Amino acid sequence: MHHNSFIFLYGPPASGKSSLSLGLAKSLQRPFYDLDEMIEARAGVSIPQIFTTEGEAGFRQRESAMLTEVLNCDSGVVALGGGALLRPENRLLIDGAGPVLCLSAPFDRIIDRLQTAQGQRPLLDGDTQTRLLDLLEQRAAHYASFPLQLDTGDHSPEEAIWQAQMRLGLFHVSSMGVGYDVRVAKDSLDTVGTALQACEFKGPLGLVSDENVAGLYADRVMEALRQTGYNTYLASIPAGEQYKTLATVARLWEAFLAGGLERGSTVIALGGGVVGDLAGFAASVYLRGVPWVAAPTSLLAMVDASLGGKTGADLPQGKNLIGAFHPPSLVLADPQVLASLPVIELRNGLAEVVKHGVLADPVLFELCSRGWETVQENLDEIVRRAMAVKIRVIQEDPYERGSRASLNLGHTLGHAIETASDYRIKHGEAVAIGMVFAARLSERLGLASPGLVEAIAATLRSLDLPTDLPPGLDHHRLLSGLRVDKKRSAGKVRWVLPGRIGEVRWGIEVDEQLVQELTIQP
């Protein structure tokens, strides 16, 4: 889906098109168009009156004309009438203009909605139930032909809006001042120039990538930017967590100067979480702050590091001890690039995906629990669901003053493991171990539901992620890493502890003796 594309909501009568389209448009901060309302406004009479005087053929002519008119307006969310795309020419008209999300609802739910709704529906006059049943049977294959589907029957209006965003892979984060779009779409790297133009980002641009990712994608992105008229300077940095330092940040500032970046310029972070953290932090300070765009190329960066606005670097004493809140102005995630990831890096990101399932999405957790093959077959949905969990949390608590702390599940011990191992243990591996450890703490404190520890551990093991502290880890360094955890409050480490899949508690103080006991390796 391109940045300037429309979104069309379609489906049977009373499936929720108008209300959901309006709510979706508000959430995404896009224009809203209700095709039926626009037809009535233009005609000066109601749709039943148009049917009476002109018949269905006359109404369909008006519908096609209005659809053509809408497509010449600013892109937004369009509520289509229940038969608007039965005409082949109308379906052809919107082809390429944007995705169609086809709504549905159980028969009895539609009947309930029809009975409480105002206004007549000409095609359902008379015996409403019989005529609706006939209409649904006639159009069943037609509605099923649209790949994107959403059953609105069991969802509240707010939840239906959220489910629609997950299906579309399109979100708008508005919790940190100026909002930004998050898009999950194939070929995002090839359309990055068009996306930046649509958002009116200015050049010259600074493209930041590490030496590994730059070799795979930098030329492709530079060409896409060149074709849209952007002058771009490539700043390549060494790959690896050990280079997430202030020295690398200073190197980026020097590169920005060499590339002629101005106060109105934009920085693009092309790569994994380290690239995003460093580029975002460098952008937050350069010339007192310039905008940046995240183009994550790893699973870990897509579902975690690219979202929320946390940027920064490490100190020798621990991870992310310096940084700033500086949210990206746009996030472009293309799940297709994950095919180039080494298996070990894909698994590294899956720890954060499982964490998001434990936090707030049992469906996501269940998908992961089926193992590696299921994950590979459903990677696009897994990315959208995992990103949705984090977006929802940061929307509620952008500056980590409350519920956002839940995102640190597994990270309290995880960060200490990374530091104690001199980063030989990858972030995802450390988080996986930390998550199981947090579940064990929760179990010992009587907060965890029966079987929770094994459910989390079994899911992680099915993805070849570790669940126990590695042998030989320096216990003193591990505990020292815990004591400098950046999430301390009043000198105490605060833990995030799971209670059941889909529910966690945060800010929990745990007796240090219990922590030491559980970290002693057998």
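The following paragraphs describe a sheet, a helix pair, a loop, a cavity and a pocket in a predicted model.

The model is predicted, and local features were accepted only at pLDDT of at least 70 and side-chain atom pairs only at pLDDT 80 or more, whereas totals for chains, interfaces and linings use all residues. Residues are numbered from 1 along each chain as its sequence is written, and side-chain values rest on heavy atoms, with hydrogens and water left out.

An open sheet is formed by five strands in the order β2-β3-β1-β4-β5, with parallel pairing; strands (E, at least two residues) and helices (H or I, at least four) are DSSP runs numbered from the N terminus, and two strands are taken to pair if DSSP finds at least two bridges between them. The edges of this sheet are β2 (32-34) and β5 (148-151), each of which pairs on one side only, and the twist from one strand to the next averages 20 degrees. At the β2 edge, three bridges join this strand to β3 (residues 77-79), the two running parallel, and the bridge partner of F32 in β3 is V77. Helix α2 (residues 35-43) lies across β2 and β3 and runs at about 65 degrees to β2, where axes are lines fitted to C-alpha atoms, for helices over the stretch in contact, and angles run from 0 to 180 degrees between N-to-C directions.

Helices α13 (residues 343-360) and α18 (residues 427-444) have axes that come within 6 Å and cross at roughly 35 degrees. This crossing is left-handed, the near helix being turned anticlockwise from the far one by less than a right angle. The contact (heavy atoms within 4.5 Å) is made by N348, A351, E352, V354, K355 and V358 of α13 together with H427, G428, E429, V431, A432 and M435 of α18. By class, six of these residues are nonpolar, three polar and three charged; Ala, Val, Leu, Ile, Met, Phe, Trp, Tyr, Cys and Pro count as nonpolar, Asp, Glu, Lys and Arg as charged, and the others, Gly among them, as polar.

Two backbone features fall in the loop between α8 (192-198) and β8 (205-210). P204, which lies in this loop, is joined to G203 by a cis peptide bond with omega of about -5 degrees. E200 is found in the loop between α8 and β8 as well, and its phi is near 65 degrees, a positive value in a residue other than glycine.

Enclosed and open spaces were found on a 1 Å grid over the protein atoms alone, a cavity being a set of points where a 1.4 Å probe fits but cannot get out, and a pocket an open set with protein on both sides within 12 Å along at least five of seven lines; lining residues have an atom within 4 Å of a point. Grid points are joined across faces, edges and corners, and a volume is the space filled by probe spheres set on the points. The count comes to two cavities of 30 Å³ or more, and the second largest has a volume of about 60 Å³. Of its 13 lining residues, G271, G272, G276, P296 and S306 are the closest to its centre. This lining has eight nonpolar, five polar and no charged residues.

The largest pocket holds about 1300 Å³ of space and is lined by 50 residues, among which E241, G272, G273, V274 and L300 lie nearest its centre. β13 gives the most to this lining, with six residues, and the lining as a whole divides into 18 nonpolar, 17 polar and 15 charged residues.
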